[in-house]
Amino acid sequence: MTTETEKFTVNVNKDAMNAVRAEAQDKGVEASALIQRAIHQLAIDTGRMDPATSAMLKAQYEIIDEFVGLSKRLFHEGRFDEHFVLTVFKAAIESPKLRARYERAIGGDAFAVKLPGKTPLNMYLGWYIKNAIGAEPKLDANNQPVRAQVRGEPIQSYTLLRSSGR
């Protein structure tokens, strides 16, 4: 199973790209994330991928969808604050079903450190959580995102959030 990525450039019809951007905005993601997922799904559907890589990608997208739904629910319950990413992770791990799915996606215990697939997935999840609720990174005096460090949690660091006013 490989976690390596490959960059490539593709030219897309302008109207098609506008449609993709509109769909991505409706889903609360960037167009590149929507395109990436479509490519991964196409590769999975071909049946030509290594089965372990295919299973890993399926598990990751399953957990991303679960975290996005959980983010929206917690946001609508009024639980948003600058530590919202941590709030979502804690709520996810409290659910036995969601914890099991998360652990399948990372290939180990939710609280383990240095699992090869955990750091990139957690970074994606933080990004999806932020976008699911239309938040923005909290910035410091130098206009850099403010990060928090934690111990004894499924994540070790995350970007603090602020409301975008949308």
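This report walks through the confidence, core, pockets and a few individual residues of a predicted model.

## Confidence

Since this is a predicted model, start with the scores. The mean pLDDT over the chain is 92, and 97% of the residues reach at least 70. Helix H4, residues 84-94, has the highest mean confidence at 97, while helix H6, residues 118-132, has the lowest at 91. As a general caution, predicted coordinates should not be read in detail where pLDDT is low.

## The nonpolar core

The largest nonpolar core takes in 40 residues. Ile63, Phe67, Phe89, Tyr102, Leu125 and Tyr158 have the most contacts inside it. Two or more residues come from each of H1, H2, H3, H4, helix H5 (96-106) and H6. That fits a general habit: in soluble globular proteins, nonpolar side chains tend to be buried together.

Phe67 gives a good look at how this core is wired. Leaving out residues within four places in sequence, Phe67 is in contact with Val88, Phe89, Ala92, Tyr102, Leu125 and Ile129. Of these partners, Phe89, Tyr102 and Leu125 are also on the list of residues with the most contacts inside the core.

## The largest pocket

If you're hunting for open space, the largest pocket holds about 1,200 Å³. It is lined by 30 residues, and Thr5, Glu6, Gln36, His40 and Tyr124 are the closest to its centre. Helices H1 (14-27), H2 (31-46), H3 (51-76) and H6 each give two or more residues to the lining. By class, that lining splits into 17 nonpolar, 9 polar and 4 charged residues.

## The second largest pocket

Next comes a pocket with a volume of about 330 Å³. Its lining has 21 residues, with Asn122, Met123, Arg147, Ser157 and Tyr158 the closest to the centre. H4, H6 and strand E3 (157-159) each supply at least two lining residues, and H6 makes the largest share with 7. The class split here is 11 nonpolar, 6 polar and 4 charged.

Tyr158 turns up twice: it is among the residues closest to the centre of this pocket, and it is also among those with the most contacts inside the largest nonpolar core.

## Three buried leucines

Leu57 is found in helix H3. Its relative accessibility is 8%, so it falls under the 20% cut-off and counts as buried. Not counting residues up to four places away in sequence, Leu57 touches His40, Ile44 and Met49. His40 is also one of the residues closest to the centre of the largest pocket. Leu57 and Ala105 are 48 residues apart in sequence, yet their C-alpha atoms are 8.0 Å apart in space.

Leu86 is in helix H4, and at 10% relative accessibility it counts as buried too. Outside its neighbours up to four places away in sequence, Leu86 touches Val150, Glu153, Ile155 and Tyr158. For Val150, the C-alpha separation from Leu86 is 9.1 Å, with the two positions 64 residues apart along the chain as a sequence offset.

Leu161 belongs to strand E4, residues 161-163, and is buried, with a relative accessible area of 4%. Setting aside residues within four places in sequence, its contacts are Phe80, Asp81, Glu82, Phe84, Val85, Lys130, Ala135, Glu136, Pro137 and Lys138. Leu161 and Ile129 are 32 residues apart in sequence and 10.0 Å apart from C-alpha to C-alpha. Ile129 is also a contact of Phe67.

## Two positive phi angles

Which backbone angles are worth a second look? Lys114 has a positive phi of about 65° although it is not a glycine, and Asn143 likewise has a positive phi of about 65° without being a glycine. For context, most residues other than glycine have a negative phi.

Both residues are in loops: Lys114 in the one between H5 and H6, and Asn143 in the one between strand E1 (135-137) and strand E2 (147-149). Are they buried or exposed? Lys114 has 81% relative accessibility and counts as exposed. Asn143, at 57%, is exposed as well, because the cut-off is over 50%.

Notes: Residues numbered from 1 in each chain as written. Predicted model: local features only at pLDDT ≥ 70, side-chain atom pairs only at ≥ 80, totals over all residues. Heavy atoms only, no water. pLDDT = per-residue confidence, 0-100. Helix = DSSP H or I, 4+ residues; strand = E, 2+ residues; numbered from the N terminus. Buried < 20%, exposed > 50% of the residue type's maximum accessible area, 1.4 Å probe, protein only. Contact = heavy atoms within 4.5 Å. 1 Å grid on protein atoms, 1.4 Å probe; cavity = no way out; pocket = protein on both sides within 12 Å on 5 of 7 lines; lining within 4 Å. Points joined across faces, edges and corners; volume = space filled by probe spheres on them. Nonpolar A, V, L, I, M, F, W, Y, C, P; charged D, E, K, R; others polar. Core = buried A, V, L, I, M, F, W, Y, C linked by side-chain atoms within 4.5 Å.
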